[in-house]
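Trainee: Could you choose one part of this protein and take me through it slowly, explaining each term as it comes up?

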Amino acid sequence: MTQLLVFIVLVLVASLSSSVSTYHWLSKPLLGDDGRIYVCSHYTFFAFENNGTIAWTMHLDYKCNLGTAPVHGSYGKIYLVADNRILMINYGNIGASEPAAEVFFGPQPDQHAEAEIIGFSVSTLGLGSTVFISIKNRGLFAYKSHGRLLWSVGPVLNQFGYRQGCKKNLTDCYFASVPVLDQCEASIYITNTEGELYCLSVRSRHFRWIQDFSSLDKKFTITPGNNGHLYVTVQAKALVLALDVFSGTVLWQRSIGPLSKVDSAPVVDSNGWISIGSLDGFLYSFSPTGVLKKFSRMNAEKYMVQVGPFLDCSGFAVYSSQIEMEGKVSHTIGEYTVVSAIRPKAALFTMLVPATGSIYWSEGYPGQFSALLFESDLSQFVMNEEILLAFLAASSQKHASSCSQARTKLVSVYTGNERAIVLFLLFESALLMVLFGLVRFCYTFWGKKKLKDQGLRSFLDKRCSLQFKKKVLDRTISELEQKAAEETVDNEVFEKLGDVVRERECIERKLSTTYSLGRDRTDSQPKSMLPLHMGKTKSYSFQDAKQKNVTMLHTLSDTSSSESSTEGETCMLEGMDTLAKAKAKTPVVEEDTSTSSNDEFGWRGYISPSEVT
């Protein structure tokens, strides 16, 4: 790809006013969750309402760094850089007490700051907050909000038996960027002086992956997508790259117009679209899959976009600014593009939704909104494009229709390794089910006294033997029933059928108690057999060869009852409902069966009145 280098020869002023000598410069703004804008100027920290009035101020003992925006911490806390120190401002009890500032990191007032702070970020994940500080030639440090050091790491780490980081230059290599947080992935991204991009977890000092972009440039901007993507903007080549957050693999790469080296940081909206302004006058927006949309409200030949856009209240729309330049010239010299201009003439602010291409609001500068700001406390300060965009975004409740209309356009923005996550969750669920089964298996077995005495193998062998016998008895019962239904049989067949049924009931009882796996239940009799009993009497009903319902009543003798009780083999199943139905039938035909003195059983046959033809 043809290399692109941007030289900007601009004689710009931050305001359209002729003189700004009596005005104060403001730092990069922070948009608070409460709708206020927090900025710093020299030795004073300001909290502005979205209409430009000052909500409260506090004096600082150190001079602010105007190039670094304040950062939100946990509730009621803001961190900022001043005189190479990190200050923590506690404003949670405004009204009850005055806001207080203290040195969170750095030397005390009487000491000189030796270490140079490159930048910092604050994570609010979990309990409290964690501050990550990048120090030149020192490394990356993680501190809890109460000041305790959690961990620190340099650009070189011996991990898994080999060296990671600074492969091309070990001597003069150090972290060179502000640590960038991805709240969704709980990751930190930071670059070194050799063009390498690091990914770390917020909880440990180990590197997840390292990606080398030195072939493009050693300086680039990192923007988390919070949707499985990480975006890298290479200003010198005017490139935007999308990376997979899990591996650092480049998913897609797109070219855009020339970028300003002053502030060309993009912004990612709630639809997953990344938007960045260019000096060619266009706002470039890319979908999570790399689809490009270009926006320009006016003739782009006379305009340029110098600062990054801001998100509105919904997170779906963005505010961008186009500056009309006098004497703008853009031409190419070899591999480089040169953009030059004399001075700004006017500005145009626009609110749009990149995903839909809808423009909801547009206003020029000077205009109605800027006039209101000039009449407020903000008139005492220099208002550049970034400050105006911040106040527009904070007051976007005036255009609340964009919030509701934009939300209806919500699309799926997660295009990371979704398949791997689903497979992992399925595997984890299956593993939990297996563990649950094993725990239940062990609890069931070792809770049995018989198992403790005879062992697991003997227990399983006995259970398999009983199950086999039960199957054999089921087949025998089916054969005897079929035989009784097809032809006239004598009492010996009925006696044999009763013995077999009784033996099967005993086996079922053993399987559901002594040799149970904890999930066995006593099965009901076959459909053709309806066991009924009361006291020492049982009955079995089926159809004989003449298609008549025959009920056999079986009465146990005292001798057989006592023997069965001694051996533990006689099993009695409760069926009171079925017994009531049997009693309701009126016997009309009675067949006497002779029994010998040695017989233990007596059989009687009954036919239901409804079946008499």
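Mentor: I will begin with the whole chain and then stay with one strand and its surroundings.

This is a predicted model, in which local features need pLDDT of at least 70 and side-chain atom pairs count only at pLDDT 80 or more, while totals for chains, interfaces and linings use all residues. Residues are numbered from 1 along each chain as its sequence is written, and side-chain values use heavy atoms, with hydrogens and water left out.

The protein chain contains 9 helices and 38 strands, where helices (H or I, at least four residues) and strands (E, at least two) are DSSP runs, numbered from the N terminus. Of its 613 residues, 46% count as buried, a word that here means under 20% relative accessible area, with exposed standing for over 50% and partly exposed for what lies in between (1.4 Å probe, protein chains only). The accessible surface of the protein chain amounts to about 31600 Å², and carbon and sulfur atoms account for 52% of that area, as calculated by the Shrake-Rupley method with a 1.4 Å probe. If we take the contacts (heavy atoms within 4.5 Å) between residues at least 6 apart in sequence, 51% of them join residues at least 24 apart.

The part I would like you to look at closely is strand E8, which covers residues 85-90 and is mostly covered, since 5 of its 6 residues are buried. E8 belongs to an open sheet of 4 strands, which follow one another in the order E6-E7-E8-E9 with antiparallel pairing. Strand E6 (71-72) and strand E9 stand at the edges, each with a single partner strand, so one side of each is left without a neighbour in the sheet. Two strands are said to pair if DSSP finds at least two bridges between them. In general, the strands of a sheet pair through backbone hydrogen bonds, either parallel or antiparallel.

We can now walk across the sheet, beginning at the E6 edge. E6 is joined to E7 by 2 bridges, and these two strands run antiparallel; here Val71 stands opposite Tyr79 of E7. From E7 (residues 77-82) we pass to E8, again antiparallel, and this time 6 bridges join the strands. To find one of these places in the view, look for Val81, whose bridge partner in E8 is Ile86. E7 and E8 also form a hairpin, with 2 residues between the strands, and in this hairpin Asp83 takes a positive phi near 50 degrees.

On its other side, E8 is joined by 5 bridges to strand E9 (residues 100-105), and this pair too runs antiparallel. A good place to look is Asn90, whose bridge partner in E9 is Ala100.

If you follow the chain past E9, you come to Gly106, which is found in the loop between E9 and strand E10 (117-123). Gly106 counts as partly exposed because its relative accessibility is 32%. Although Gly106 and Arg85 are 21 residues apart along the chain, 4.8 Å separates their C-alpha atoms. Arg85 brings us back to where we started, as E8 covers residues 85-90, and you can now place that strand within the order E6-E7-E8-E9.
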